[in-house]
Number of protein chains: 2
Amino acid sequence: MKLNERNQKVLEAVVSGYIRSGEPVGSRTVSKHYGLNVSSATIRNIMADLEDMGLLQQPHTSAGRIPTDKGLRLYLDSILKIRELEKRQQALIRRAFESGRVDVEELLRRTSQVLSRFCRQAGIVLWPRLSATRFKHIEFVRLRAHQILVILITASGLVQHTLVDWDEDIPQDSLDKYSRYLNEALQDIPLSQVKERILKEMEGEKALFDQLFTRALELSQRALQDALENTDVHIEGHKHLLSNPEFADVERMRRILEAFEDKSRIVRLLDRALDPSRQVQIILGTESDISELHEMSVVSSPYGRGGTVLGVLGVIGPIRMDYSRIIPVVTFTASLLSQFLDEPDEAPSARKNDPS
Amino acid sequence: MKLNERNQKVLEAVVSGYIRSGEPVGSRTVSKHYGLNVSSATIRNIMADLEDMGLLQQPHTSAGRIPTDKGLRLYLDSILKIRELEKRQQALIRRAFESGRVDVEELLRRTSQVLSRFCRQAGIVLWPRLSATRFKHIEFVRLRAHQILVILITASGLVQHTLVDWDEDIPQDSLDKYSRYLNEALQDIPLSQVKERILKEMEGEKALFDQLFTRALELSQRALQDALENTDVHIEGHKHLLSNPEFADVERMRRILEAFEDKSRIVRLLDRALDPSRQVQIILGTESDISELHEMSVVSSPYGRGGTVLGVLGVIGPIRMDYSRIIPVVTFTASLLSQFLDEPDEAPSARKNDPS
DNA sequence: AATTAGCACTCCTCATCGAAGAGTGCTAAC
DNA sequence: GTTAGCACTCTTCGATGAGGAGTGCTAATT
């Protein structure tokens with residue numbers, strides 16, 4: 001779709017007017033406040049054209065225009081110029097991360113808080129895909145007969161645990177031996193490869209080692225599977241959603257909260273944004289597969305560590321959001337988080353636990 | 001406050017009528033549907049008396065009556081007869097717990113889900129106070145120079161981790177030694193006593209052991225402090241709140257969500273209910289210290305393990321809740337959870353991880 | 001003395017109506 | 001191609017008033 005410059009300007013005017021006020025924008029407003037030196041009648045003609053193209057729509061005959069999803073998409077893709085977040089904002093966001101030594105999980109939670117606070121919408125963080133992180137440590141704890149708690153720690157400091165039922169009762173001593181063995185064998189291997197590595201070890205060592213070790217391998221195998229399957233997502237700041245006039249309708253809000261409860265669908269939705277080639281991904285209203293979210297929009301960005309994408313973070317809110325503000329916040333937060341994950345020594349660092 | 005039987009019946013009628021409909025209850029309704037064989041005029045007289053006593057109130061002159069907080073309190077304390085939850089409901093709740101082998105955390109999360117689903121309000125679970133549980137296992141993982149991840153596991157299978165900054169770089173080998181030592185020394189000691197036990201060890205062994213061990217003790221000391229301070233609370237099912245007509249007002253709902261975000265206050269509120277002597281505790285509207293929750297009410301019950309109280313679970317919703325239904329659900333769920341914690345072998349047990 | 005029927009009164013709810021205002025599309029003039 | 005002008009449409013909002021629910025009081029009844 002190609003628009004001449006003036007039509008583009010009108011579209012832009014309607015979009016930004018609508019985003020600001022939430023009300024349909026009339027021809028008079030456009031001609032007066034957006035510096036196109038033409039009369040409202042001309043604007044009316046252009047608007048009618050844009051409506052024919054499916055970019056604008058009228059809620060009712062005598063109202064102004066609001067953009068359609070298609071119109072917004074065009075605006076986002078080819079009209080909106082994304083600027084870097086202003087330094088002052090950057091500093092504020094940095095500051096929000098600065099307090100207390102935190103582990104990765106806390107860091108991620110805090111990220112979703114920051115997103116929701118600075119965008120005044122719900123913040124959303126998809127946790128690192130474990131397959132992209134490296135093995136650090138595994139530990140088996142015998143909770144009681146036949147019940148073993150398996151704790152898996154990734155290089156980034158993420159702790160995952162799974163309860164495993166085991167048909168025979170293994171004493172803690174043996175469990176300790178297993179974990180020592182595995183910690184040796186698997187050190188720093190990417191979790192995605194741990195599975196095959198385990199299988200290989202099971203092949204190779206069967207003859208050599210105590211049968212016990214094959215058990216260790218099977219145990220960790222199970223725990224690993226659990227860990228890889230569960231991708232967690234964290235949504236924070238629901239309250240901000242309620243401040244949007246479009247969610248004054250309680251029934252609508254209820255549907256949205258309901259949609260949030262089905263984490264797996266949210267995960268799938270955000271998976272789309274795992275593509276490292278694009279920095280920001282925006283899913284607009286009806287572009288989402290989740291029908292309850294057809295009135296919402298997601299702005300997301302991948303984050304990672306040293307080049308590899310680990311997860312996705314972003315913001316979810318009404319279609320009418322201030323993208324020009326939110327996009328820079330999301331990209332900046334993503335780069336900040338990536339940076340923290342990359343070199344945690346540079347990360348949030350008040351020395352709560354430091355003796356001094 | 002003492003009421004004669006008839007006045008009590010009128011109060012009961014107004015309360016239950018109001019709870020059912022959410023509307024003020026008129027004298028005619030009471031005289032017709034609640035089997036007191038007196039005319040509406042008589043009821044009107046009684047109602048006027050009850051209003052003088054501060055038990056009922058009128059939203060406006062020509063409306064029926066609704067109970068005041070005081071009236072509700074009287075109803076809950078001395079009129080409402082609490083019955084056991086019907087078997088069918090019991091079975092349904094039991095079933096809701098039956099799927100997949102779950103660890104304690106998952107069990108607790110599921111509990112809040114069950115509460116919210118069966119009460120159609122928000123379910124709330126205060127996590128076990130660590131001080132009441134016993135030490136099982138500790139593990140130190142060197143994430144990078146000067147950063148140690150301390151993982152603490154309680155006998156009930158709860159996993160807590162804390163990141164500790166350490167001024168010197170301890171190799172993983174030594175860390176392993178520490179943990180072996182501690183796991184030996186602290187096995188099965190209540191966490192509340194671990195601290196003093198550590199201090200004692202630090203005293204006694206200083207001369208005997210390698211200085212390293214005092215470090216181990218200090219490390220775990222720090223981690224423990226963190227673990228004991230953080231009491232987590234989990235709230236689920238916000239969506240149900242929106243179904244209550246009293247929260248159709250968005251602004252009100254926003255305030256409530258805001259209150260939920262301040263976990264520490266919620267924790268303090270629920271701490272009241274940690275008293276093991278009372279099975280159910282109800283905090284009605286203005287009885288709560290949190291002003292944002294003055295329009296809400298909390299029904300809670302302690303849960304535990306073998307007699308000691310570990311935490312609190314319950315339901316939070318509008319003051320106008322169906323207590324006669326919710327109280328039995330809460331007490332039953334609490335006893336069920338306690339039972340699961342007591343003998344996890346009897347717990348939810350589909351054998352997802354069971355080879356067969 | 002307690003209960004009840006009757007009634008006037010209050011206050012809320014809801015539908016109706018019309019005026020005001022915003023914005024359009026069309027036409028004719030520039 | 002642009003613009004002024006105008007008739008027309010549609011929403012919003014306040015005023016109005018009927019209808020209804022429920023009360024409190026009084027006087028009659030048991």
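## Crossing sense

A crossing of two helices is right-handed if the near helix is turned clockwise from the far one by less than a right angle, and left-handed if the turn is anticlockwise. The crossing of α5(B) and α13(B) is right-handed. The model described here is a predicted one.

## Helix α5 against α13 in chain B

Helix α5 of chain B covers residues 87-97, and its axis lies 11 Å from that of α13(B), at an angle of about 45°. An angle of this value makes α5(B) oblique to α13(B). The class follows because oblique takes in the angles left over once those under 35 degrees, over 145 and from 65 to 115 are assigned.

On the α5(B) side, the contact consists of B:Gln89, B:Gln90, B:Ile93, B:Arg94 and B:Phe97. Their partners in α13(B) are B:Arg325, B:Val329, B:Phe332, B:Thr333, B:Leu336, B:Gln339 and B:Phe340. By class, the residues of this contact are six nonpolar, four polar and two charged.

## Helix α6 against α13 in chain B

Helix α6 (residues 104-119) and helix α13 (residues 323-342) of chain B have axes that come within 10 Å and cross at roughly 165°. The two are therefore roughly antiparallel, since angles over 145 degrees fall in that class. The crossing of α6(B) with α13(B) is right-handed.

From α6(B), the contact uses B:Val104, B:Leu107, B:Leu108, B:Thr111, B:Leu115, B:Phe118 and B:Cys119. From α13(B), it uses B:Arg325, B:Ile326, B:Val329, B:Val330, B:Thr333, B:Leu337, B:Phe340 and B:Leu341. Twelve of the residues in the α6(B)-α13(B) contact are nonpolar, two are polar and one is charged.

## Surface near DNA strand C

There are 20 residues around DNA strand C, and those that come nearest are A:Ser27, B:Arg6, B:Thr42, B:Thr61 and B:Ser62. Of the strand's atoms within 4 Å of the protein, 76% belong to sugar and phosphate. The surface near the strand is made up of twelve polar, four nonpolar and four charged residues.

Helix α3 (40-52) of chain A and helix α3 (40-52) of chain B each supply at least two residues of this surface. The most comes from α3(B), with four residues.

## Polar contacts with DNA strand C

Which part of DNA strand C lies 2.9 Å from a side-chain N or O atom of B:Arg6? The atom concerned is a phosphate oxygen. A base oxygen of the strand is 3.2 Å from a polar side-chain atom of B:Arg44. In chain A, a backbone N or O atom of A:Ala63 is 3.4 Å from a sugar or linking oxygen of DNA strand C.

Notes:
Residues numbered from 1 in each chain as written. Chains lettered and ligands numbered in written order. Predicted model: local features only at pLDDT ≥ 70, side-chain atom pairs only at ≥ 80, totals over all residues. Heavy atoms only, no water. Near = heavy atom within 4 Å. Polar contact = N/O pair within 3.5 Å; in protein donor to acceptor, adjacent residues only side chain to side chain. Nonpolar A, V, L, I, M, F, W, Y, C, P; charged D, E, K, R; others polar. Axes fitted to C-alpha atoms, helices over the stretch in contact; angles between N-to-C directions. Contact = heavy atoms within 4.5 Å.
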